[in-house]
There are 2 protein chains.
Amino acid sequence: MLDRTPSGTRDVLPDEMRELRALMERVRAVFEGAGYGEVYTPALEYERTFARDGARVSSPYRLFDEHGNVLVLRSDMTVPIARMVGSRYATAPTPLRFCYFAHAYHGVRPQRGQSRELLQAGVELIGSAGPAGTVEALTVLCDALDAAGLENYRVGVGDVTLYPALLESLGVEAAARERILAELTSGDFVGVEHELAQLAVSPADAELLLRVPRIRGGAEVLEGLDGPLEQAGAGMRTLLGLLQPRTARRVIFDFGLLHNLGYYTGAIFQVYDPAYGVPLGSGGRYDDLLGEFGRPLPAVGFALDVERVHIALRAEERSRV
Amino acid sequence: MLDRTPSGTRDVLPDEMRELRALMERVRAVFEGAGYGEVYTPALEYERTFARDGARVSSPYRLFDEHGNVLVLRSDMTVPIARMVGSRYATAPTPLRFCYFAHAYHGVRPQRGQSRELLQAGVELIGSAGPAGTVEALTVLCDALDAAGLENYRVGVGDVTLYPALLESLGVEAAARERILAELTSGDFVGVEHELAQLAVSPADAELLLRVPRIRGGAEVLEGLDGPLEQAGAGMRTLLGLLQPRTARRVIFDFGLLHNLGYYTGAIFQVYDPAYGVPLGSGGRYDDLLGEFGRPLPAVGFALDVERVHIALRAEERSRV
């Protein structure tokens, strides 16, 4: 054990580190060029900063300071930056633009190859509501991935309120809604189907509930929606209309996109690359989070997993040879 | 509490972050130009990696993984890099040259203004014995501080074996030696005096023990030494003779220099600047550490506290206005 790093962690040796640095410098140039100032927040935060409303994802890494306060390793940079804005930018004019290059710490399940320590590159745009703020975030995201050198990435865009609203409109009770959303968040469609089979809804409604999370595609999937889907579809059409062509061509609307971070309130993103089978990053709107830190402002942001982007880049390069 | 960072930590806002990035880039250029490849090791390590021989300083930040193993936040980068060399460079030709820009985590005592999280820039030169390896480390150290833009810094150079050898040669028993060394490490000369007063040594020896830790200066302090001091003095003279003038003019020999890291074995360094009253960094030889990780090699390294170097730079700039 003496010679090993903890499971889910690893050493980065010089050849790889040089490539990661170069990648981060290209991304940083995009972030800073778009007006995002780099910040660093402590890796350790009071547990209450991350956990106070219960809905938010906390850190599995808890420890104590010398006063007995519970500290946690940050699980993302969005919550610390919201805290920072509440205290250090309490009266600053908006919008505020911040970026970061920092590690976040996640729990891992054994044997899944998950990372305990993630190197993230991200931005937070605070004080700019949707759709304009969302358009800016998506533009910076795609410009950063372009600068990184990725050629075939796509950005899935969904709405975190879409499926819950659909469930509610069909009269699905709260407890069942939560179970179904949990299955969907973990991408378990069999589990979703199992839950839906137990609902007291018409076969047509059950079919709708099963079909909607699989809706995925370009502008065409936004047409002909009705009921609770119409509003989300209209929002996505507006967003698409505001994107520049270079960004719009990267977007895939994904009605099944959900996220396990409790703070998202509207549009959410997930970055994919066909060369690598796992998401390279994610983001979305979190219009209620800043209010918890005393500065109620709409906000949107994203985080890229730098090491995954690097793997996707190398996989793309290999596929081009 | 929700709005605050844990005591001993802070948010770094964009204006400062931009300066820290620029400072690190200048230092990185020196490290890489001298052949040091940047590495990153996990912030979390198994506790045994840091603590297995008892003498080594461990981390106050302990937590558990999902298997019940005790993890710690790294308290420096030297031990993780020694672990990495033992496993990933087990048969690589030497010398090995690594650098890093990473955070380390220290315990803090309340109300002392100490940092829980330190941004360190450092190098490790592995497989190069003293004095040649020590000369290279001191040269890279001074070149990095020059590139950072510091004008008035000095590097205190001592020998961690000097005072213990003196105590032993005068017949001071082990328990008293440890108490005296602890007082000296914490810089408490009154405590040293108090301990010396209780020793069964001659007044001349007591005077010598009190005088030696205060010896501090240029080449002149290395002359006319005898007894157990002669060997350390000769080593320091050899070192001085091998340094280029631009490095030699920065060096101050300091016979009272000790360090609370248990792994140092010979020459140790500490960086000062008259514009800022705390050490900006430290380092030294650790010729026995690599052997604990299966690759017995002499080694030397140093770590700069990037934020302290930045404060000293700004203090120097202010004093020049």
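In the predicted model, helices H1(A) and H12(A) are roughly perpendicular to each other, because the angle at which they pack, about 100°, lies within the span of 65 to 115 degrees that counts as such. Helix H1 covers residues 14-33 of chain A and helix H12 covers residues 306-320 of chain A, and the axes of the two helices are 10 Å apart. From H1(A), the residues that make the contact are A:Glu16, A:Glu19, A:Leu20, A:Leu23, A:Met24 and A:Arg26, while H12(A) contributes A:Val306, A:Glu307, A:Val309, A:His310, A:Leu313 and A:Arg314. Divided by class, the residues of this contact between H1(A) and H12(A) comprise six nonpolar, one polar and five charged.

A second helix pair in chain A is formed by helix H7 (residues 189-197) and helix H8 (residues 203-211), whose axes come within 10 Å and cross at roughly 160°. Since an angle over 145 degrees counts as roughly antiparallel, H7(A) is therefore assigned that orientation with respect to H8(A). The crossing in which H7(A) passes H8(A) is right-handed. On the side of H7(A) the contact is made by A:Val192, A:Glu193 and A:Leu196, and on the side of H8(A) by A:Ala206, A:Leu209 and A:Leu210. Five nonpolar residues and one charged residue make up this contact of H7(A) with H8(A), and no polar residue takes part.

Between the chains, 53 residues of chain B are in contact with 53 residues of chain A. The size of an interface is often given as the accessible area lost when the parts come together. For chain B and chain A, the area buried between them is about 5100 Å², of which 59% is on carbon and sulfur atoms. Six salt bridges are counted between chain B and chain A. A salt bridge also joins the side chains of A:Glu38 and B:Arg21, with an N to O distance of 2.6 Å.

Cis peptide bonds that precede proline are found in each of the two chains. In chain A, the peptide bond from A:Gly130 to A:Pro131 is cis, with omega near 0°, and A:Pro131 is placed in the loop between strand E6 (117-126) and helix H4 (132-148) of that chain. In chain B, the peptide bond from B:Thr94 to B:Pro95 is likewise cis, with omega near 0°, and B:Pro95 lies in the loop between helix H3 (78-88) and strand E5 (96-105) of chain B.

Technical notes. Residues numbered from 1 in each chain as written. Chains lettered and ligands numbered in written order. Predicted model: local features only at pLDDT ≥ 70, side-chain atom pairs only at ≥ 80, totals over all residues. Heavy atoms only, no water. Axes fitted to C-alpha atoms, helices over the stretch in contact; angles between N-to-C directions. Helix = DSSP H or I, 4+ residues; strand = E, 2+ residues; numbered from the N terminus. Parallel < 35°, antiparallel > 145°, perpendicular 65-115°, else oblique. Contact = heavy atoms within 4.5 Å. Nonpolar A, V, L, I, M, F, W, Y, C, P; charged D, E, K, R; others polar. Left-handed = near helix turned anticlockwise from the far one by under 90°. Buried area = accessible area lost by both parts, 1.4 Å probe. Salt bridge = Lys/Arg side-chain N within 4 Å of Asp/Glu carboxyl O.
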